[in-house]
Amino acid sequence: MKILVVSDTHGRLDNFRRVMEMHKPDLLIHCGDIEGQEAEIIEIAGCPVRMVAGNNDYFSDLPGEVEFTAGGQKIWVTHGHHYYVSMSSEYIAQEAMAREVDVAMFGHTHKPCVENRGGLVILNPGSLSYPRQEGREPSYIIMEDDRKGDWHYTIAYLRR
Ligand SMILES: [Mn+2]
């Protein structure tokens, strides 16, 4: 199973479109800051989509957080702005442990990361539209299981 994780598209879907054409995933997860394009995202994705509202999605009906199981993995998605993610992923980790999930996903910082804390995976796909990490290449995460059932989390970058 191939799961694509994206975030912080902020009203621009050109890079998102490229990424979806390249990968054709089984599931798409968007960690928020969509700015009104939920319907377009679902249409372009052409696969099941899970999205949460970000701090810029004021008029959205999307939930602030979602928890679900995909590919046997318990996943929790939040935009992250209520968990001080600009400081560190400490509060995300605490909440993820309390929820007993396998994977916690957030956005907001526009900087990609994958952390493994004793089996708990914490990840942020960065932003496809307004990257802020060094080099500033639009980023996303590919999550895939192998034949043994182990999951792999890869930060991918879009070259301009
Ligand atoms: Mn944002």
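What percentage of the 160 residues of the protein count as buried? I looked this up before anything else, and 37% of them do. The model I am reading is a predicted one.

**Entry: overall make-up**

I went through the secondary structure and found three helices and 10 strands. Read from the N terminus, the elements follow the order β-α-β-α-β-β-β-α-β-β-β-β-β. The radius of gyration is 14 Å, and the globule rule gives 15 Å for 160 residues, so the protein is as compact as a globular protein of that length. I also looked up the extent of the C-alpha trace, which spans about 35 × 35 × 35 Å along the principal axes. For contacts between residues at least 6 apart in sequence, I note that 50% join residues at least 24 apart.

**Entry: the five-stranded sheet**

I traced an open sheet of five strands, with the order β3-β2-β1-β9-β10 and mixed pairing. Its edges are β3 (49-51) and β10 (151-157), each of which pairs on one side only. From one strand to the next the twist averages 20°.

I then took the two neighbours of β1 in turn. With β9 (residues 139-145), β1 (residues 2-6) pairs in the antiparallel sense, over four bridges. In that pairing I find Ile3 opposite Met143 of β9. With β2, the pairing of β1 is parallel and also has four bridges. Here Val5 has Ile29 as its bridge partner in β2.

**Entry: helices on this sheet**

Helix α1 (residues 14-23) lies across β1 and β9, and its direction is at about 170° to β1. Helix α2 (residues 38-45) also packs on the sheet, where it touches β2 (27-30) and β3. I note an angle of about 150° between the directions of α2 and β3. What handedness does the β-α-β unit of β1, α1 and β2 have? I find that this unit is right-handed.

**Entry: β4, β5 and β6**

I moved on to β4 (residues 65-70) and β5 (residues 73-78), which pair in the antiparallel sense over six bridges. Ala70 stands opposite Gln73 of β5. The hairpin of these strands has two residues between them, and Gly71 there takes a positive phi near 55°.

On β5 I also looked up the pairing with β6 (residues 103-105), which is parallel and has three bridges. Trp76 faces Ala104 of β6 in this pairing. Between β5 and β6 the chain passes through helix α3 (residues 90-99), and this β-α-β crossover is right-handed.

**Entry: the nonpolar core**

Which residues touch the most other members of the largest nonpolar core? I find Val5, Ala104 and Met105, in a core of 33 residues. The elements that each give two or more residues to this core are β1, α1, β2, β5, α3, β6, β8 (120-124) and β9. The largest share, four residues, comes from β1.

I checked how covered β1 is, and four of its five residues are buried. I then listed the contacts of Val5, leaving out neighbours within four places in sequence. They are Ile29, Cys31, Met105, Leu123, Pro125, Tyr140, Ile141 and Met143. Two names in this list recur from earlier entries: Ile29 is the bridge partner of Val5 in β2, and Met143 stands opposite Ile3.

Methods. Residues numbered from 1 in each chain as written. Predicted model: local features only at pLDDT ≥ 70, side-chain atom pairs only at ≥ 80, totals over all residues. Pairing = 2+ DSSP bridges. Axes fitted to C-alpha atoms, helices over the stretch in contact; angles between N-to-C directions. Contact = placed C-beta atoms within 7 Å. Rg over C-alpha atoms; globule rule 2.2 N^0.38 Å. Buried ≥ 20, exposed ≤ 12 C-beta atoms within 10 Å, placed from the backbone. Right-handed = clockwise from strand over helix to strand, strands pointing away. Core = buried A, V, L, I, M, F, W, Y, C linked by C-beta atoms within 7 Å.
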